[in-house]
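Here are my notes on the model, set out as numbered points. They deal with cavities first, then the surface, then charged pairs.

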Amino acid sequence: MPIESEQFELPTFSTHDNMQSETRYDPPLATYGRTEQEEAEVLLSEGENDKNAEMLRQRRDLIRLSISFFLFGMINNVLYVIILSAALDLVPPSTPKGIIAFWNITPSIVAKFSWPYILKGRIRYVRRLIGCCFLSVTGMIVVATSEALSPRLFGIGCASLASGLGELTFLQLSTTFHPPSVAGRGVGYFASGTGAAGLVGALLWWEIRGLGVRIGVGVSSILPFAIPLTYFLLLPRADAFSTLLLPDIEDAAPSTSEYTQLPVSEEDAGEAVAETAPLKTKALTMGEKWQLLKPMLLRYMLPLFCVYLFEYTINQGVAPTLIYPVPTPESSPVFGRIIHSIRDYYPLWQLVYQSTVFLSRSSLSLGLPALPTRALPIPSIIQGFLLITLASESALGYFPESLATGFVFLLISIEGICGGLSYVNAYFRAGQEPAEPHERAFKMGAIGLADSLGILAASLVAMPTEIALCRAQVGRGRPLCREV
């Protein structure tokens, strides 16, 4: 009799049961025996730990960003300052020092006009920075190895072109960081770095000018290599602050639409760091650029132009003639120990100016509030008054001789403060205005034309001003300006 096979019925599972089985959460052994409240507290604690770790990372990235932009500003401008501080040593005594300022700014204007106003397309930061480094090094080597005036002026022009292109590039680079409050932090530290460049450059030349132009300028030619090193090794990625958790950093000026970071370099061109919208690389037309430029002319650019026109006329046309008899330690305990010949006056005025510029350009990075937009013309008004006062003193000599050096020291300090405040606040306020990323990048690059045009105009005014003031001093029996 055949044995009847046993029938087994396979169990069936619904799709719903499978999903529940797959998504069932098996807590680790350490959680068995806990109440639901205790488990919730553990999960909350783990979430807080993750948040604290992310906040710590963002604070570290903010420090890296601050140091990076500070170094960008300092290295980019330090050669410019060294050249201005070395003006007396780079040209013959009979040559107006304004010619150095002219060649130190004209190529910079070409860069600041050509790139943001004429050129179109995406900004290629890596190519720009490497090109700026090459031009700076080449220019300084030419200055160091040449004895004639013409090749030195050519080398100065190369360094100027690199400095102008570098400045607008770094200011535009700050706009790739979001929110605008983080970008504003970059602008503040970049401005502080440019102020430090003045101080470092003037101090550096004060110390090494005794070595001569060949060694002094030659040593400074290695400084530009710090820029690409900082960019590749220290600067955080632009998406490091895409979800900002720091309570003390707020988005004060949100974009008018959904935001996507511009690529930081051509290598990142295919990489969108935010997923909320497509990558925006729209090229602005000339008409659109003009519409963006018009409201900035009176608000930011005219005050910047006037400040730089007045202060560089003082620095290149008036300061070289503010020369007095060499004080003794007995007659002047402070200046008698600093000034040992009449050739020390001009580098001293440059050092005073650059020191106060550094302090005022660092105002935002030191936590001081920014000037209101309506107050931006005030520094230019004060600067105009200082120009008239110092030019009158040079021509007429109405300061008491025992107090003249101290008075000039004070007035040049105020000059530096006004110039630094105007620079950092104009760029900061422009960067905080609501705008699309590509529009904000254009605005930051376009404003730079104003201060460069002011410096160019000052270099043209400074040359006849220096000659006229020196002639006035000789006419009243004081030929010190011709003995420098």
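1. The largest cavity in this predicted model has a volume of about 260 Å³. A search of the whole structure gives six cavities of 30 Å³ or more.

2. The lining of the largest cavity is made up of 23 residues. Those nearest the centre of the cavity are Asn 77, Tyr 80, Tyr 312, Arg 361 and Ile 455. By class, the lining holds nine nonpolar, 10 polar and four charged residues.

3. Seen by element, at least two lining residues of the largest cavity come from each of α2 (36–85), α4 (98–118), α6 (149–174), α7 (180–208), α10 (286–318), α12 (345–361) and α15 (437–475). Anyone checking this cavity should have these helices in view.

4. The second largest cavity holds about 90 Å³ of space. Its lining consists of Ile 75, Asn 76, Leu 79, Cys 132, Cys 133, Ser 136, Ala 159, Ala 162, Ser 163, Pro 224 and Ile 227. Two or more of these residues come from each of α2, α5 (125–145) and α6. In the lining of the second largest cavity, eight residues are nonpolar, three are polar and none is charged.

5. On the surface, Ile 130, Leu 229, Phe 232 and Leu 233 make up a nonpolar patch. Together these four residues have about 450 Å² of accessible area. Helix α9 (residues 226–233) gives the largest share of the patch, with three residues.

6. Is Leu 229 buried or exposed? Leu 229 sits in helix α9 and has a relative accessibility of 52%, so it counts as exposed, the cut-off being over 50%.

7. The structure contains nine salt bridges. Side chains of opposite charge can pair when their charged atoms come close. Three of the pairs are taken up in the points below.

8. Asp 61 and Arg 64 form a salt bridge through their side chains, with an N to O distance of 3.1 Å. The two residues are about one helical turn apart, because they are separated by three residues in helix α2. Asp 61 counts as buried, at 7% relative accessibility, whereas Arg 64 counts as partly exposed, at 30%. The pair also belongs to a network of salt bridges that links Arg 57, Asp 61 and Arg 64.

9. Arg 152 and Glu 147 also meet in a salt bridge, at 3.9 Å from N to O. A salt bridge here requires the nitrogen and oxygen to be within 4 Å. Arg 152 is buried, with 8% relative accessible area, while Glu 147 counts as exposed, at 61% relative accessibility.

10. Which parts of the chain does the salt bridge between Arg 299 and Glu 433 tie together? The closest N and O atoms of this pair are 2.7 Å apart. Arg 299 belongs to helix α10 and Glu 433 to the loop between α14 (401–432) and α15, so the salt bridge joins parts that lie 134 residues apart in sequence. Arg 299 counts as partly exposed, with a relative accessibility of 31%. Glu 433, at 17% relative accessibility, counts as buried.

Terms used
Residues are numbered from 1 along each chain as its sequence is written. This is a predicted model: local features need pLDDT of at least 70, side-chain atom pairs count only at pLDDT 80 or more; totals for chains, interfaces and linings use all residues. Side-chain values use heavy atoms; hydrogens and water are left out. On a 1 Å grid over the protein atoms alone, a cavity is a set of points where a 1.4 Å probe fits but cannot get out, and a pocket is an open set with protein on both sides within 12 Å along at least five of seven lines; lining residues have an atom within 4 Å of a point. Grid points are joined across faces, edges and corners, and a volume is the space filled by probe spheres set on the points. Helices (H or I, at least four residues) and strands (E, at least two) are DSSP runs, numbered from the N terminus. Ala, Val, Leu, Ile, Met, Phe, Trp, Tyr, Cys and Pro count as nonpolar, Asp, Glu, Lys and Arg as charged, and the others, Gly among them, as polar. Patches are made of residues with over 30% relative accessible area and no salt bridge: like charges are joined within 9 Å, nonpolar side chains (Val, Leu, Ile, Met, Phe, Trp, Tyr) within 5 Å. Accessible areas come from the Shrake-Rupley method with a 1.4 Å probe; for residues, only the protein chains shown count as cover. Buried means under 20% relative accessible area, exposed over 50%, partly exposed in between (1.4 Å probe, protein chains only).
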